[in-house]
Amino acid sequence: PTLISEVCINALLAQWKDEQIDGSEKMKRFLIAKKIKEGSQDFSIEDIALIKQLVGKAFGPLIVGQIYELFESK
């Protein structure tokens, strides 16, 4: 996995103190992380929005900017 995929996976699998999410949301995040790990490029607009949201919570401007640029260029 690339550094970018690791960043996205870490953001998806993190536990956030300001969230109370149920098992189905956790499973959704796990499945998106699994697709990233497997090298899939097949993501819905909602998947990408969730990845961007969670990367934005987890990392500073340098990482967030690179991730956003990557997704917005596709």
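**Helix α3, its salt bridges and a neighbouring pocket**

The buried residues of α3 are Asp47, Leu50, Ile51, Lys52, Leu54 and Val55. These assignments, like every value reported here, come from a predicted model. The cover over the buried residues of α3 includes α1, α2 and α4, the last of these comprising residues 61-72. The length of α3 was also examined. With 14 residues at 1.5 Å a residue, α3 should span 20 Å, and the end C-alpha atoms of the helix are indeed 20 Å apart, so the expected and computed spans agree.

Asp47 belongs to helix α3, which runs over residues 45-58. Because the relative accessible area of Asp47 is 11%, and buried means under 20%, Asp47 is classed as buried. When residues up to four places away in sequence are left aside, Asp47 touches Ile32 and Lys35. A further relation in space concerns Lys28: Asp47 and Lys28 are separated by 19 residues in sequence, and their C-alpha atoms lie 9.1 Å apart.

Salt bridges were then considered. The search of the whole structure finds six of them. In one, Lys57 pairs with Asp18, and the closest N and O atoms are 2.9 Å apart. This pair links distant parts of the chain, since Lys57 is in helix α3 and Asp18 is in the loop between α1 and α2, 39 residues apart. Lys57 has a relative accessible area of 32% and is therefore partly exposed. Asp18, at 60% relative accessibility, counts as exposed, because the exposed class begins over 50%.

A salt bridge also joins the side chains of Glu19 and Arg29, with an N to O distance of 3.0 Å. Glu19 is in the loop between α1 and α2, whereas Arg29 is in helix α2, so the pair ties together parts that are 10 residues apart in sequence. Both partners fall under the 20% limit for burial: Glu19 has a relative accessibility of 16%, and Arg29 has a relative accessible area of 4%.

The side chains of Glu72 and Lys52 likewise meet in a salt bridge, at 3.0 Å from N to O. Glu72 lies in helix α4 and Lys52 in helix α3, so that distant parts of the chain, 20 residues apart, are linked by the pair. Glu72 counts as exposed because its relative accessibility is 54%, while Lys52 counts as buried because its value is 17%. Lys52 is thus a charged residue that appears among the buried residues of α3. Beyond individual pairs, Asp18, Glu19, Glu25, Arg29 and Lys57 are connected in a network of salt bridges.

Two members of this network, Glu19 and Arg29, also help to line the second largest pocket. The volume of this pocket is about 150 Å³. Its lining consists of Leu12, Leu13, Ala14, Gln15, Trp16, Glu19, Ile21, Lys26, Arg29 and Phe30. Classified by type, the lining has six nonpolar residues, one polar residue and three charged residues. Helices α1 (3-13) and α2 (23-37) each supply at least two residues of the lining. The most is given by α2, which provides three residues.

Note on methods: Residues are numbered from 1 along each chain as its sequence is written. This is a predicted model: local features need pLDDT of at least 70, side-chain atom pairs count only at pLDDT 80 or more; totals for chains, interfaces and linings use all residues. Side-chain values use heavy atoms; hydrogens and water are left out. Helices (H or I, at least four residues) and strands (E, at least two) are DSSP runs, numbered from the N terminus. Buried means under 20% relative accessible area, exposed over 50%, partly exposed in between (1.4 Å probe, protein chains only). Contact means heavy atoms within 4.5 Å. On a 1 Å grid over the protein atoms alone, a cavity is a set of points where a 1.4 Å probe fits but cannot get out, and a pocket is an open set with protein on both sides within 12 Å along at least five of seven lines; lining residues have an atom within 4 Å of a point. Grid points are joined across faces, edges and corners, and a volume is the space filled by probe spheres set on the points. The expected span of a helix is 1.5 Å times one less than its number of residues. A salt bridge is a side-chain nitrogen of Lys or Arg within 4 Å of a carboxyl oxygen of Asp or Glu.
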